[in-house]
Structure formats: structure tokens, C-alpha cells
Amino acid sequence: MIDNQENQSPKTPMPLQRANFIAMAVAGVLIVVGFLLMLGGSSTAEEFNPDIFSARRIVVGPIIAFIGFVVMAAAIIIDPQRLNKKRKA
């Protein structure tokens, strides 16, 4: 009988852990919410819509989306195992 353990290579840890994926999901939600806040009706040639200059559409939405992109980058870069070692020390 062949021993399966001899043929298997040692397991390497996954580069992204559960905490990374949770942070990426939160970042994705922030990005989507930011873009949804920027949605709205537009002006036409017949009628001007002053809502295109609202603070929600030109300030709040882009800031939330930008925060989502920053959180996404941090979620990919940060190593949760290293953070756990610092907390224990």
C-alpha cells in the first residue's frame, strides 16, 4: 500500500485569512454604497435639475467610495497573523 503522506507536499498557509475576506466584503459594500449615493436624475435640455449639485452626490458619495477603496487595499495588504502576534506580545 502506498503511503499518501509521502507524496503530499507540505501545506503552505493561505496568504489571505478570514479577517482579510471580511474586510474586503466590508470594503465592497462601502464602494457600492458610495456609488449608489452618487446616483440620481440628470439635467436635460428642457429642464435643469439642481439636484446634480447636491452635497450627497458630489461630496458624500465619492468620499465613502474612496474610503471603500482604501479599506480594500488595506484588507489585501495587512497580514492578520502578524497583527495577532503583536497583540499577544
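These legends describe close-up views of a predicted model.

**View 1. The whole chain is built from four helices and zero strands.**
Read along the sequence, the pattern is α-α-α-α. The protein has 89 residues, and buried residues make up 12% of them. About 7400 Å² of the protein is exposed. Carbon and sulfur atoms supply 66% of that area. Take the contacts with a separation of 6 or more: residues 24 or more positions apart account for 64% of them.

**View 2. Helix H2 covers residues 18-38.**
This helix has 21 residues. From its first C-alpha to its last, H2 reaches 31 Å. That is close to the 30 Å expected at 1.5 Å a residue.

**View 3. Helix H2 has a buried side and another side with exposed residues.**
Asn20, Ala27, Ile31 and Gly34 are the buried residues to find here. They lie on the same side of H2 because they cover an arc of only 65 degrees around the axis. On the other side of H2, look for Arg18, Val29 and Leu36, which are exposed. What do the buried residues of H2 pack against? Their partners are helix H3 (55-77) and helix H4 (80-88).

**View 4. A nonpolar patch lies on the surface.**
Seven names mark this view: Ile58, Val59, Val60, Ile63, Phe66, Ile67 and Val70. Together they have about 610 Å² of accessible area. One of them, Ile67, is found in helix H3. Is Ile67 buried or partly exposed? Ile67 has a relative accessible area of 41%, and a residue counts as partly exposed between the 20% and 50% cut-offs. So Ile67 is partly exposed.

**View 5. Ile77 and Pro15 are far apart in sequence, at 62 residues.**
In space, their C-alpha atoms are 9.8 Å apart. Ile77 is found in helix H3. Its relative accessible area is 69%. The cut-off for an exposed residue is over 50%, so Ile77 is exposed.

**View 6. Asp51, Arg56 and Arg57 are linked in a network of salt bridges.**
How many salt bridges does a search of the whole structure find? It finds two. Arg56 forms a salt bridge with Asp51. The closest N and O atoms of this pair are 3.8 Å apart. Arg57 also forms a salt bridge with Asp51. Here the closest N and O atoms are 3.7 Å apart. Asp51 takes part in both pairs.

**View 7. The residues of the salt-bridge network differ in exposure.**
Which residue is buried, with a relative accessible area of 12%? That residue is Arg57. Buried means under 20%, so Arg57 at 12% qualifies. Arg56 is at 33% relative accessibility and counts as partly exposed. Asp51 is partly exposed too, with a relative accessible area of 32%.

Note on methods: Residues numbered from 1 in each chain as written. Predicted model: local features only at pLDDT ≥ 70, side-chain atom pairs only at ≥ 80, totals over all residues. Heavy atoms only, no water. Helix = DSSP H or I, 4+ residues; strand = E, 2+ residues; numbered from the N terminus. Expected span 1.5 Å × (residues − 1). Buried < 20%, exposed > 50% of the residue type's maximum accessible area, 1.4 Å probe, protein only. Arc of directions from axis to C-beta. Contact = heavy atoms within 4.5 Å. Patch = residues over 30% accessible without salt bridge, like charges linked within 9 Å, V, L, I, M, F, W, Y side chains within 5 Å. Areas by Shrake-Rupley, 256 points an atom, 1.4 Å probe, with all protein chains shown as cover. Salt bridge = Lys/Arg side-chain N within 4 Å of Asp/Glu carboxyl O.
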